[in-house]
Amino acid sequence: MNSVKERLEALGLTLPKAASPVANYVPFVRSGNLVIVSGQICFGPDGKLSDAHKGKLGAEVSNEAGIEAAKLCALNVLAQIEAAVGDLDRGVVQCVRLGGFINAVPTFSALAPIMNGASDLMVAVLGDKGRHARSTVGVAELPLDAAVEVEAMFEVA
C-alpha cells in the first residue's frame, strides 16, 4: 500500500475537488520546483463548511472538531497540490512547510494539538514526503468563521 490513492482509501478518505478562490488570489503558485498553496479552510467533501467547524476553539468549537477541521484543511491542500502537479505520487517530492491558523479565544493555548490534525494527515497520506516544517498561530477571525485554515509549500518534480 504505497500509493497516495491507496493510503487515502485505507483512511476512508477521498480528495475533494480543488476549491476555487473566493477573492483576488490564485489557489496556488508554482515557482521553479516549489508550489505554494494559498490558505485552505475546512470545507468538507460536499464543498461546504460544517457548523461543527465554524467558530472559535476554546468556545463553541471542541478540540475534537478542531482536529477534524485541520484534517479537512490538509485534504483541501492536497487537492490543490494535485491540481498543480497532476499526480501526487510522481509530482510531490516533499511537503516543505505547513502554516496553521487556528480561530481561537485569546486564552486557548492548545494550538499545536489542533494543527497536528493536518500534520498527522499529511504524513499518513504522503509518508516521509509528508514530514514538514510548521508554524501554528492563533487568530481572532478566519474567513467564513472557519475554525482552521492551513497554507502549504511543496517541493515538486
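How many disulfides does a search of the whole structure find? I ran the search and it found 0. I note at the start that this is a predicted model.

**Entry 1: cysteines**

I looked up cysteine 73 to see what lies around its sulfur. The closest cysteine sulfur belongs to cysteine 42, at 4.7 Å, which is too far for a bond. The cut-off I used for a disulfide is 2.5 Å between the sulfur atoms. Cysteine 95 is in no disulfide either; its nearest cysteine sulfur is that of cysteine 73, 13 Å away. I then checked accessibility. Cysteine 73 counts as buried because its relative accessibility is 0%. Cysteine 95 has a relative accessible area of 1%, so I entered it as buried too.

**Entry 2: the sheet**

Next I traced the strands. In what order do the 5 strands of the open sheet lie? I read the order as S1-S2-S5-S3-S4, and the pairing is mixed. Strand S1 (28–31) and strand S4 (133–139) are the edge strands, each pairing on one side only. On average, neighbouring strands of this sheet are turned by 15° against each other, direction ignored.

I also looked for a helix against the sheet. Helix H4 (residues 111–126) packs on it and touches strand S3 (92–103), S4 and strand S5 (148–156). The direction of H4 makes about 160° with that of S3.

**Entry 3: S1 and S2**

I went through the pairing at the S1 edge. S1 pairs with strand S2 (residues 34–41) in the antiparallel sense, over 4 bridges. Valine 29 stands opposite isoleucine 36 in S2, and arginine 30 stands opposite valine 35 in S2. The hairpin of these two strands has 2 residues between them, and there glycine 32 takes a positive phi near 60°. For reading the side chains I kept in mind that they alternate between the two faces of the sheet in a regular strand.

**Entry 4: helix H2**

I checked the length of helix H2, residues 63–85. At 1.5 Å a residue, its 23 residues should span 33 Å. The C-alpha atoms at its ends are 33 Å apart, so the two values agree. The expected span takes one less than the number of residues, times 1.5 Å. Just after H2 comes glycine 86, with a positive phi of about 90°.

**Entry 5: salt bridges**

I counted 5 salt bridges in the model and wrote up some of them.

Which residue forms a salt bridge with glutamate 141? I found lysine 56, with the closest N and O atoms 3.4 Å apart. The two residues are 85 apart in the chain: glutamate 141 is in the loop between S4 and S5, and lysine 56 is in the loop between S2 and H2. Glutamate 141 is exposed, because its relative accessibility is 52% and the cut-off is over 50%. Lysine 56 has a relative accessible area of 18%, so I put it down as buried, the limit being under 20%.

Arginine 90 and aspartate 87 also meet through their side chains in a salt bridge, 3.2 Å from N to O. Arginine 90 is exposed at 68% relative accessible area, whereas aspartate 87, at 26%, counts as partly exposed.

A further salt bridge joins the side chains of arginine 97 and glutamate 151, at 3.3 Å from N to O. This pair links distant parts of the chain, with arginine 97 in strand S3, glutamate 151 in strand S5 and their positions 54 residues apart. I looked up both accessibilities: arginine 97 is partly exposed at 27%, and glutamate 151 is partly exposed with a relative accessible area of 27%.

**Entry 6: aspartate 145**

Where is aspartate 145 found? I located it in the loop between S4 and S5. Is aspartate 145 buried, partly exposed or exposed? With a relative accessible area of 31%, I recorded aspartate 145 as partly exposed. I left aside its neighbours within four places in sequence and listed the contacts of aspartate 145: His53, Lys54, Gly55 and Asn103. I also looked up its separation from arginine 7. The two residues are 138 residues apart in sequence and 31 Å apart in space, taken from C-alpha to C-alpha.

How values were computed. Residues numbered from 1 in each chain as written. Predicted model: local features only at pLDDT ≥ 70, side-chain atom pairs only at ≥ 80, totals over all residues. Heavy atoms only, no water. Pairing = 2+ DSSP bridges. Axes fitted to C-alpha atoms, helices over the stretch in contact; angles between N-to-C directions. Contact = heavy atoms within 4.5 Å. Salt bridge = Lys/Arg side-chain N within 4 Å of Asp/Glu carboxyl O. Buried < 20%, exposed > 50% of the residue type's maximum accessible area, 1.4 Å probe, protein only.
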